[in-house]
Amino acid sequence: MPGVVETPILDKGGPDDLPKSPAAGHTREFFRHVQARFYPADRMAQDIIRGIDRNAALVVAPASARLAWRIWRYTPLVANRMTARHVAWGRAAFGAQPAGVGTGGAAAEASEGSRGAHR
């Protein structure tokens, strides 16, 4: 379960055979808003190898990803609200429209969950 890892995928707009969203090409900028520094790929590989050596069922790295994982695990409502804020910022910053009803995406569910809590 890696956090944001510094790889070329951050600069791609997604697979070539799928329609592009208005936020396509802004992945690096979006995640920079969420996480100030990206984890080097070679360090992530070392963490995974260390986890395999220890027969770990789950490798969560770096420390910021472990914190996020714990928040999702122990306080999912807080995590949903945090996700909804990041998604709202991304929509405002990149001109993306809210996901349609019934898309089933985690961001849409997080947004719905935070709205439902205030009703």
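**Helix H4 and its aromatic neighbours**

Phe31 has a relative accessibility of 30% and therefore counts as partly exposed, since that class lies between buried, under 20%, and exposed, over 50%. The model in which this residue sits is a predicted one. Phe31 belongs to an aromatic cluster that also takes in Phe30, Trp89 and Phe94, and two members of that cluster, Phe30 in helix H1 and Phe94 in helix H4, also take part in the contact of these two helices.

**Aromatic pairs and their exposure**

- The count of aromatic pairs in the model comes to 3, and the rings of Phe30 and Phe31 make up one pair, with centres 5.3 Å apart and planes at 75°, so that this pair is edge-to-face, the class for planes over 60 degrees apart.
- The rings of Trp89 and Phe94 are also paired, with their centres 5.6 Å apart and their planes at 85°, and this pair is therefore edge-to-face.
- Trp89 has a relative accessible area of 28% and is partly exposed, whereas Phe94, at 11% relative accessibility, counts as buried.
- Phe30, Phe31, Trp89 and Phe94 are joined in one aromatic cluster.

**Helix H1 against helix H4**

- Helix H1, which covers residues 27-34, and helix H4, which covers residues 76-94, have axes that come within 11 Å and cross at roughly 140°.
- Because of this angle, H1 and H4 are classed as oblique to each other, and the crossing in which H1 passes H4 is right-handed.
- On the H1 side the contact is made by Glu29, Phe30, His33 and Val34, which meet His86, Trp89, Gly90 and Phe94 on the H4 side.
- The residues of this contact of H1 with H4 divide into 4 nonpolar, 3 polar and 1 charged.

**Helix H3 against helix H4**

- Helix H3, made up of residues 63-74, has an axis that comes within 5 Å of the axis of H4, and the two axes cross at roughly 120°.
- H3 and H4 are therefore also described as oblique to each other.
- Ile71, Trp72, Arg73 and Tyr74 in H3 are in contact with a set of H4 residues consisting of Pro76, Val78, Ala79, Asn80, Met82 and Thr83.
- Sorted by type, the residues of the contact of H3 with H4 comprise 7 nonpolar, 2 polar and 1 charged.

Key: Residues are numbered from 1 along each chain as its sequence is written. This is a predicted model: local features need pLDDT of at least 70, side-chain atom pairs count only at pLDDT 80 or more; totals for chains, interfaces and linings use all residues. Side-chain values use heavy atoms; hydrogens and water are left out. Axes are lines fitted to C-alpha atoms, for helices over the stretch in contact, and angles run from 0 to 180 degrees between N-to-C directions. Helices (H or I, at least four residues) and strands (E, at least two) are DSSP runs, numbered from the N terminus. Angles under 35 degrees count as roughly parallel, over 145 as roughly antiparallel, 65 to 115 as roughly perpendicular and the rest as oblique. A crossing is left-handed if the near helix is turned anticlockwise from the far one by less than a right angle, and right-handed if clockwise. Contact means heavy atoms within 4.5 Å. Ala, Val, Leu, Ile, Met, Phe, Trp, Tyr, Cys and Pro count as nonpolar, Asp, Glu, Lys and Arg as charged, and the others, Gly among them, as polar. Rings of Phe, Tyr and Trp (its six-membered ring) pair if their centres lie within 6.5 Å; planes under 30 degrees apart count as stacked, over 60 as edge-to-face and the rest as tilted. Buried means under 20% relative accessible area, exposed over 50%, partly exposed in between (1.4 Å probe, protein chains only).
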